[in-house]
Structure formats: structure tokens, C-alpha cells
Amino acid sequence: MSLIAFDFDGTLSDSEMTVLLAERAGVADEVTEITERAMNDELSYAESLYQRAALLEGLGATEVEDAFDAVRIRPGAARLIERLRAEGHHVAVLTGGFERGVEAALAREGVSVDTIVANRLPTDADGALTGEAEGPLIEGTKDDALADLAAEAGVPMAETVAVGDGANDLPMLEVAGLAVGFVPKSAVRPVCDSVVASMYRLGKVLESHGVLAAEA
């Protein structure tokens with residue numbers, strides 16, 4: 001059994017949750033600028049997330065739900081997850097994004113994973129965003145999250161696979177047994193064992209490394 005850890009926004013999904021929320025709050029340009037700075041390692045992830053969450057303060061419950069309902073996983077992602085789980089692997093999502101969006105996107109495709117480690121945007125009594133953010137992957141890093149999951153699942157680190165694209169994925173890509181960049185940012189590419197641009201190609205990489213059986 002291997003442990004396969006996916007980043008979500010920009011990797012398993014082509015949606016960016018904070019952007020979807022920001023569009024509904026009228027602050028898309030500001031949020032995109034902060035996101036880009038973080039992805040290029042110019043700003044710490046924690047600082048960027050707190051800044052983006054603050055811009056979303058007051059966004060109402062209907063708009064929040066609408067934004068999370070718009071999150072989609074990439075073509076072929078559901079099938080790949082199903083194959084991995086059918087072959088006995090532990091599939092995890094480790095994301096600085098938000099639990100509600102991950103759950104909604106997976107449920108829409110009728111697929112589930114073994115573990116989701118994600119952040120949350122607290123809401124007030126009316127369901128509006130408070131402008132705060134909380135969760136394990138704000139100050140915490142994905143290498144520690146991957147190591148903790150591997151220990152819980154009884155999987156040696158050499159048998160772990162990490163798939164990501166941005167600067168906050170660097171820690172888990174550096175410690176995983178196999179590091180795969182999904183259209184990675186330039187700062188991320190050097191630590192990747194393989195680089196892919198589709199879920200189909202990712203499946204082929206996993207086949208070539210013996211993680212998945214080759215499809216006929």
C-alpha cells in the first residue's frame with residue numbers, strides 16, 4: 001500500500017476557492033495578487049491566507065455556498081482516485097484550501113478519499129464569513145501532515161507519493177518517496193521527480209513507478 005497525497009487547488013482541481021469566493025465579494029483582483037505572491041514564495045502561505053480571508057469578511061451564506069458549489073475536480077481525477085483506492089492505496093487531500101469546497105467537489109463526482117486535511121473559514125450565526133481562517137495547514141506544513149498520515153497508515157515515507165503545484169507544496173514534495181508536479185510553478189519544478197499536465201499523464205507516471213497496475 002502507498003499513501004498518495006494530492007494538493008487540491010491548482011492540482012486535483014482547476015478551481016481556486018479563494019478566487020471563487022473573492023469574485024462574489026468583489027475583491028477578485030486583490031485576492032489573485034496575494035495568491036500569486038504566495039505561490040511564487042514571495043509571501044508566507046499563512047500570511048497570504050489571513051490577508052485573503054480578511055478581504056472576504058461579511059460575504060453572505062448564499063454567496064459562500066454558491067462559491068463552494070462551483071468548485072470542480074479535473075477531468076479524470078475521479079477515475080484516478082477510484083483506481084488508487086481499488087488497488088488498496090490510502091488517498092489523501094492535503095490543502096491550504098477549504099474543507100467545504102473539497103467535500104462538495106468530490107461529492108459532485110461521486111468519489112471519496114480516505115483523508116482530507118484542510119482549512120476552514122469560520123462563519124457567524126447568519127452563515128456570513130467572519131474574515132478569519134483556521135485549520136491545520138495555515139501555520140502547519142504539508143511535510144509534517146504527510147509524515148503524520150504515513151505513520152497513522154503504517155506506510156514508510158519511501159512509499160508515499162505527493163502531487164502538487166505551488167510553493168506550499170514544496171515541503172511535502174521534498175520528503176515524499178515520489179514527487180510529482182502538476183504544471184508546477186518554477187520554484188517547485190526542481191524538486192519534482194516527474195511533471196505532468198493531466199490526470200491521464202499522472203496515471204501513466206503512477207503506472208511506470210508500480211503504484212498502479214497498467215490499464216489494458
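**Exercises on a predicted model**

V93 has I116 as its bridge partner in strand 3. The model is predicted. Three exercises follow.

**Exercise 1. Place the strands in the sheet.**
Task: In what order do the 6 strands lie, and which are the edge strands?

Solution.
Step 1. Start from strand 2, residues 90-98, which is joined to strand 3 by 4 bridges. These two strands run parallel.
Step 2. Extend to the whole sheet. The 6 strands form an open sheet in the order 3-2-1-4-5-6, with parallel pairing.
Step 3. Find the edges. Strand 3 (115-119) and strand 6 (194-196) each pair on one side only.
Step 4. Add the twist. From one strand to the next, the average is 20 degrees.

**Exercise 2. Trace the nonpolar cores.**
Task: Which residues have the most contacts inside the largest nonpolar core?

Solution.
Step 1. Take the largest core, with 51 residues. F6, F8, L21, L84, L202 and L206 have the most contacts inside it.
Step 2. Follow F8. Beyond its neighbours within four places in sequence, F8 is in contact with residues including V71, I73, V93, L94 and V102. S13, M17, T95, G101 and A105 are also in contact with F8.
Step 3. Look for another core. A second, separate one has 19 residues, among them L3, A145, L146 and A162.

**Exercise 3. Describe the largest pocket.**
Task: What is the volume of the largest pocket, and which lining residues are closest to its centre?

Solution.
Step 1. The volume is about 260 Å³.
Step 2. The lining has 16 residues. Y45, G140, T141, A167 and N168 are the closest to the centre.
Step 3. Assign helices. Helix 2 (28-39) and helix 3 (45-55) each supply at least two lining residues.

Conventions. Residues numbered from 1 in each chain as written. Predicted model: local features only at pLDDT ≥ 70, side-chain atom pairs only at ≥ 80, totals over all residues. Heavy atoms only, no water. Core = buried A, V, L, I, M, F, W, Y, C linked by side-chain atoms within 4.5 Å. Buried < 20%, exposed > 50% of the residue type's maximum accessible area, 1.4 Å probe, protein only. Contact = heavy atoms within 4.5 Å. Pairing = 2+ DSSP bridges. Axes fitted to C-alpha atoms, helices over the stretch in contact; angles between N-to-C directions. 1 Å grid on protein atoms, 1.4 Å probe; cavity = no way out; pocket = protein on both sides within 12 Å on 5 of 7 lines; lining within 4 Å. Points joined across faces, edges and corners; volume = space filled by probe spheres on them.
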